[in-house]
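Welcome to this structure! Here are some notes to read alongside the view below, going from the whole chain down to single residues.

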Amino acid sequence: MLVDEQASSASLKDQLKQRDQSLRKVEQEMDSLSFRNQQLAKRVELLQEELAASEAKGKKGKTKGDSPSQQGLQTQSVFDEDLQKKIQENERLHIQFYEADEQHRRQEAQLKARLDELEKDSEQHQAVVDGLTTKYMETIERLQSDKARLEVRVSSQKVHSVSCSLCSQQQLRRCQSELNRQVKQSSSVIQEKVPFNDTSEQLSAASVFSLWVQLKARDVAGQAVGFVQDLVAALLNFHSYTEQRVHIYPLDSSIEPVSPLNQKFSQYLHENAAYVRPLEDSLQQLHQSITEDTVTVLETVGKLRNFAENFSSYTHFLQKILPYQLKSLEEECETPLCTTALAVKNQELQSDMKRVTSMFEKLQNYINLLALPSNSTSAVFTQLAACLHSLHDAIKEMSKHYNQKATLEQELPTVTQKLRTTTECLLGSLGSLTNSTGKIATFFSNNLDFFTSSTGYGPRGGTVALNPLQAESMLANKKKAAAYIHAIRKPRPQSVPYREALSNRRILTSSTESREGLTQQVQQSQEKIARLEQEKEHWLLEAQLGKVRLEKENQRIADLEAQLAAALGGSPTAHTALASTLIHSQEDESREQLIKTHYMARVGELTTQLQISDSKAVHFHSECRALAKRLAIAEKSRETLSEEVKLANQNITRLQDELATTKRSYEDQLSMMSDHLCSMNETLSKQREEIDTLKLGSKDVWAGNGAGNDDS
């Protein structure tokens with residue numbers, strides 16, 4: 001609604017300009033008419049002079065006969081016709097002037113009415129804008145207060161997390177020491193009590209190492225799934241926002257159709273989810289396939305081949321859209337508003353996109369090599385880590401160039417708000433893509449030793465890779481060996497059953513990797529620490545009270561001993577004083593207990609009040625900050641509105657001055673025309689009188705001539 005009113009206001013301003021132009025045109029016509037009137041006045045004066053000259057000639061030529069009088073009559077008739085034409089032309093000019101004046105008045109009245117309507121509409125829109133501004137300011141203040149509360153909460157949570165991490169580390173060290181002790185004890189019991197142990201320490205160490213490899217592989221795969229999920233989300237956002245930008249720039253699809261190249265490019269970008277989503281799904285399946293009961297090496301992980309195929313399909317997708325990306329940037333360079341600096345940034349982005357696509361192709365080759373059985377996996381992993389770092393650098397460089405390009409685009413006059421929003425979202429997706437690739441490269445470099453080290457499943461000292469059939473047969477032999485040991489084992493009451501020993505061993509091994517158990521232990525430790533802190537405060541207060549009580553008891557005992565010594569002297573008054581002293585001591589003890597209870601309750605109340613006051617102070621501080629910001633914004637808006645009011649008053653004053661000037665000029669012109677008409681009427685009346693006088697004189701002359709002829 002506001003946009004429509006602004007458009008209508010702009011159109012009305014254009015109409016007002018056109019009316020001003022027509023008014024100036026009418027003024028120019030009036031000036032030309034006044035100039036024409038002046039010429040006519042001069043012409044009339046010349047005619048009057050000629051008439052006066054002719055009259056003088058007529059008086060001189062009275063005696064010349066009939067021909068001069070006839071010539072004077074002809075000249076007079078010519079003057080009469082010329083004067084009649086001038087009178088008709090003057091009337092026509094009066095009519096035109098009156099019509100122009102009426103039209104100008106009507107237009108002025110219409111423009112004033114329209115101006116009043118526009119001022120009313122402007123006031124209504126300003127009220128709506130003020131309401132929306134107030135609403136947005138309230139929302140901003142509420143969000144700022146929420147932010148302040150969250151910052152306070154985050155700071156407290158950080159302190160709490162640091163203390164929890166310290167406690168959990170201590171608890172973890174204790175658990176590790178306890179587990180090591182239990183492992184040593186269990187190993188000694190197994191060595192002493194298990195009757196069938198044909199592999200001795202080597203088999204036990206190999207079993208423990210294989211289990212550690214399985215757990216480590218599952219943990220690494222889980223971390224990789226999290227990083228790849230972030231990468232997939234960033235890629236989806238990047239392709240989607242690129243598709244939106246193609247529909248907006250350089251041609252807005254809502255106004256005019258985009259080029260066929262960009263239409264095809266947008267169609268391909270719309271299919272990005274079909275190539276990006278399978279990366280996350282296949283890696284999730286790979287993580288789920290790694291369990292404690294399997295042998296995890298590159299040759300036995302079949303899901304890795306699915307991930308390699310999905311990554312290859314996404315790389316082909318990037319190769320397919322690369323030419324369209326380059327051509328789309330070339331179209332942007334061909335627009336009339338594209339500056340030289342913007343064209344340079346587009347060329348840099350073209351090279352960045354080529355580099356990113358080549359990095360994905362290299363990653364595809366390395367992942368395909370890992371999915372195939374080979375003996376040089378360590379070299380492939382090393383090259384893969386270097387390629388991930390190169391990919392991170394390329395995307396970081398592309399993000400930097402895109403930021404510079406967006407800064408240059410903001411300076412163009414045709415940039416719309418939709419394009420600004422889409423560009424900001426695109427830059428945000430590039431930032432997420434940079435962060436996710438950096439995390440993946442760092443993660444891969446940190447675990448490179450695990451990827452390149454031997455897993456211990458192959459023959460000792462051999463270089464032959466373990467294929468899936470060998471892994472399956474090895475698992476079957478392990479199960480058969482466990483069943484055989486369980487079958488030939490004799491029950492011994494003094495030893496632990498083999499199943500229970502295996503379950504205990506599995507529990508002991510998995511407990512080191514159990515995060516839930518550690519979390520529960522941390523929570524219990526925190527509760528215990530809080531309880532101990534309360535007890536510590538309580539016993540510190542008890543110790544202080546006990547010290548005071550001990551001093552009083554020592555003083556009282558000393559007094560009692562002195563009184564007892566005096567009482568032994570046989571004084572009955574001393575016995576009475578002793579009894580009263582005992583009664584007073586009991587009263588002091590009860591009073592101390594009451595004072596202690598009162599002050600403990602008072603301390604609890606003050607602590608509660610202090611916490612409430614702190615929370616209120618934080619809340620008030622955030623409110624004060626929000627009010628200060630709101631006041632600053634209100635001051636700025638007030639200054640802006642005062643400037644607008646000043647400009648409006650200046651415009652009104654200027655329009656009033658122009659109106660008064662125009663009115664004054666019209667009145668002056670009308671008065672001049674009226675005076676001129678009056679003078680013309682007077683001149684005409686004088687000329688008529690002179691003509692009548694001449695006619696009468698000519699009649700008298702004719703009559704005198706006729707009488708002379710009769711006398712003759």
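## Notes for a first look

1. Please keep in mind that this is a predicted model. The protein has 14 helices and zero strands, and buried residues make up 26% of its 712 residues. About 47,400 Å² is exposed, with carbon and sulfur atoms supplying 56% of that area. Of the contacts with a separation of 6 or more, 86% are between residues 24 or more positions apart.

2. A good place to start is the largest nonpolar core, which has 64 residues. At least two of its residues come from each of helix 3 (200-248), helix 4 (260-269), helix 5 (273-289), helix 6 (303-333), helix 7 (340-371), helix 8 (377-410), helix 9 (417-446) and helix 10 (448-452). Helix 3 gives the most, with 13 residues. As general background, nonpolar side chains in soluble globular proteins tend to be buried together.

3. Within that core, Y314 and F444 touch the most other members. If you click on F444 and set aside neighbours within four places in sequence, you will find F381, L384, A385, L388 and F451 in contact with it. A separate core of eight residues includes C338, A343, L412 and V415.

4. Now for the charged side chains: the whole structure holds 17 salt bridges. Which residues are linked with R245 in a network of salt bridges? The partners in this network are E332, K405 and E409.

5. Two of the pairs in that network deserve a closer look. The closest N and O atoms of R245 and E332 are 3.8 Å apart. Because R245 sits in helix 3 and E332 in helix 6, this pair ties together parts that are 87 residues apart in sequence. In the salt bridge of E409 with R245, the N to O distance is 2.4 Å. Here E409 belongs to helix 8 and R245 to helix 3, so the pair ties together parts that are 164 residues apart in sequence.

6. Are these three residues buried or exposed? R245 has 4% relative accessibility and therefore counts as buried. E332, at 5%, counts as buried too, and E409 is likewise buried.

7. For a salt bridge within one helix, try D146 and R149, whose closest N and O atoms are 2.0 Å apart. These two residues are separated by about one helical turn, because they are three residues apart in helix 2. D146 counts as partly exposed at 25% relative accessibility, and R149 does so at 39%.

8. Helix 2 covers residues 66-193 and includes I140. Together with V128, L132 and Y136, I140 makes a nonpolar surface patch of about 380 Å². With 38% relative accessibility, I140 counts as partly exposed. H104 is also placed in helix 2, but its relative accessibility is 12%, so H104 counts as buried. Not counting residues up to four places away in sequence, H104 touches L23, T662 and Y666.

9. One last stop is S266 in helix 4. S266 has a relative accessible area of 6%, which means that it is buried. Leaving out neighbours within four places in sequence, S266 is in contact with E243, V246 and H247.

Definitions and conventions:
Residues are numbered from 1 along each chain as its sequence is written. This is a predicted model: local features need pLDDT of at least 70, side-chain atom pairs count only at pLDDT 80 or more; totals for chains, interfaces and linings use all residues. Side-chain values use heavy atoms; hydrogens and water are left out. Patches are made of residues with over 30% relative accessible area and no salt bridge: like charges are joined within 9 Å, nonpolar side chains (Val, Leu, Ile, Met, Phe, Trp, Tyr) within 5 Å. Accessible areas come from the Shrake-Rupley method with a 1.4 Å probe; for residues, only the protein chains shown count as cover. A salt bridge is a side-chain nitrogen of Lys or Arg within 4 Å of a carboxyl oxygen of Asp or Glu. Helices (H or I, at least four residues) and strands (E, at least two) are DSSP runs, numbered from the N terminus. Buried means under 20% relative accessible area, exposed over 50%, partly exposed in between (1.4 Å probe, protein chains only). A nonpolar core is a set of buried Ala, Val, Leu, Ile, Met, Phe, Trp, Tyr and Cys residues joined through side-chain atoms within 4.5 Å. Contact means heavy atoms within 4.5 Å.
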